[in-house]
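Trainee: Could we go through this one together, helix by helix? I'd like to get the packing straight.

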Amino acid sequence: MNEIIDNEFGAVKNFLSKYKNALMIVVLLIILSIGLFALNFYNKKVMNEEAAVIYNEWLNTTSLENKEQEKIDSLYSDLTDNYASTGYAMMAMLSKGADLASKGDFDKSIAVFINLQEISSGFGGNDFFNKISRISLSRIYIEIGKYDDALSQLSVYSESSANAYIHELIGDIFAAKQEVEKSIEQYMLADEKYDDQQSKSIIAMKIADLES
C-alpha cells in the first residue's frame, strides 16, 4: 500500500516539477482575471452611483416650474457623454426622445433614439432599451411616412422572437404601404400572441378595416 502511495506521490511530484512554469502562468492568469473582474465590477458600481446622482438632479430640474434650460442641457450632456453605458443615461435618453417626439421635433428625436440604439446594442448592451429604441424609431418613421425605415428597425426580430406589439406595429406599416395581405398576416400573429381581450379586439377591428 505504501509503495502505491509513494508511486502516486512521485508521479504528482514529477508532474508538478515538469509543468511548474505552465501551472504558475495559469494560476497568475486566474488571479489576474479575478482581479480585473472585481475592478470592473467596482468601476461599474461607482459609475452607476455617480450617474444616479446626475440623473436624479436632471429629473428634478426638468420638473421645476421655472426650468433652467441651460442646467438641464448640461446635466443631460454630462449623463449621456460620460455615463452612456448606464441604465440612468439610457432612461434619460428614452425620456428625452419621447419628449421631443411629442413636441413634433422628429429629427432631434430620431437622433436621440439612434444614439440610444447604438449604445444599447451588441455585447454588454441592454436588450430592453435596444428594443424600446427600435420601436420608438419605427413609430416616428411611420408618423413621417418613412415606412421602409420603420420596417428596417423591426427586421432584426424573427417571427418567433417578436412580441405581439411588434407584430402589430409591422402590420401597421404594411397597412400604411397598402400591402394588405402582409398586414393581415402580421395582425394574425399579433392576435395569437396577445393574451388580453382588449388588444385582440383592436386587432380584429384593424383586420376588419382592411377587409372592408
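What follows is a short back-and-forth on the fold and its helix contacts.

Mentor: Before we start, this is a predicted model, where local features need pLDDT of at least 70, side-chain atom pairs count only at pLDDT 80 or more, and totals for chains, interfaces and linings use all residues. Residues are numbered from 1 along each chain as its sequence is written, and side-chain values use heavy atoms, with hydrogens and water left out.

Trainee: How many helices and strands does the chain have?

Mentor: Helices here are DSSP runs of H or I with at least four residues, strands are runs of E with at least two, and both are numbered from the N terminus. Read along the sequence, the pattern is α-α-α-α-α-α-α-α-α-α. So the count, going by those DSSP runs, comes to ten helices and zero strands.

Trainee: What share of the 212 residues is buried?

Mentor: Buried means under 20% relative accessible area, with exposed over 50% and partly exposed in between (1.4 Å probe, protein chains only). In this chain of 212 residues, the buried share is 29%.

Trainee: Why is helix 8 called largely enclosed by the rest of the structure?

Mentor: Helix 8 spans residues 164-176, and its buried residues include Ile166, Leu169, Ile170 and Phe174. The cover over its buried residues includes helix 6 (127-143), helix 7 (147-154), helix 9 and helix 10. It is called enclosed because the buried residues number ten of the 13.

Trainee: What span does helix 8 reach from its first C-alpha to its last?

Mentor: The expected span is 1.5 Å times one less than the number of residues. For the 13 residues of helix 8 that gives 18 Å, and the model comes close to it, at 19 Å.

Trainee: Are helix 8 and helix 10 roughly parallel or roughly antiparallel?

Mentor: Axes are lines fitted to C-alpha atoms, for helices over the stretch in contact, and angles run from 0 to 180 degrees between N-to-C directions. Under 35 degrees counts as roughly parallel, over 145 as roughly antiparallel, 65 to 115 as roughly perpendicular and the rest as oblique. These two axes come within 12 Å and cross at roughly 15°. The pair is therefore roughly parallel.

Trainee: Which residues of helix 10 does helix 8 meet?

Mentor: Contact means heavy atoms within 4.5 Å. From helix 8, the residues involved are Glu168, Asp172 and Ala175, and on helix 10 they meet Ile202, Ile203, Lys206 and Leu210.

Trainee: And how do helix 9 and helix 10 lie, roughly parallel or roughly antiparallel?

Mentor: Their axes come within 10 Å and cross at roughly 165°. That makes the two helices roughly antiparallel.

Trainee: Which residues of helix 9 are buried?

Mentor: Helix 9 runs over residues 180-193 and has 14 residues. Helix 8 and helix 10 are among what covers its buried residues. Those residues are Ser183, Ile184, Gln186, Tyr187, Leu189 and Ala190.

Trainee: Last one: which residues does Val112 contact, leaving aside neighbours within four places in sequence?

Mentor: Val112 is in helix 5 (residues 106-119) and counts as buried, at 11% relative accessibility. Its C-alpha is 9.6 Å from that of Leu137, 25 residues apart along the chain. Its contacts, with those neighbours left aside, are Tyr76, Met93, Lys96, Gly97 and Leu100.
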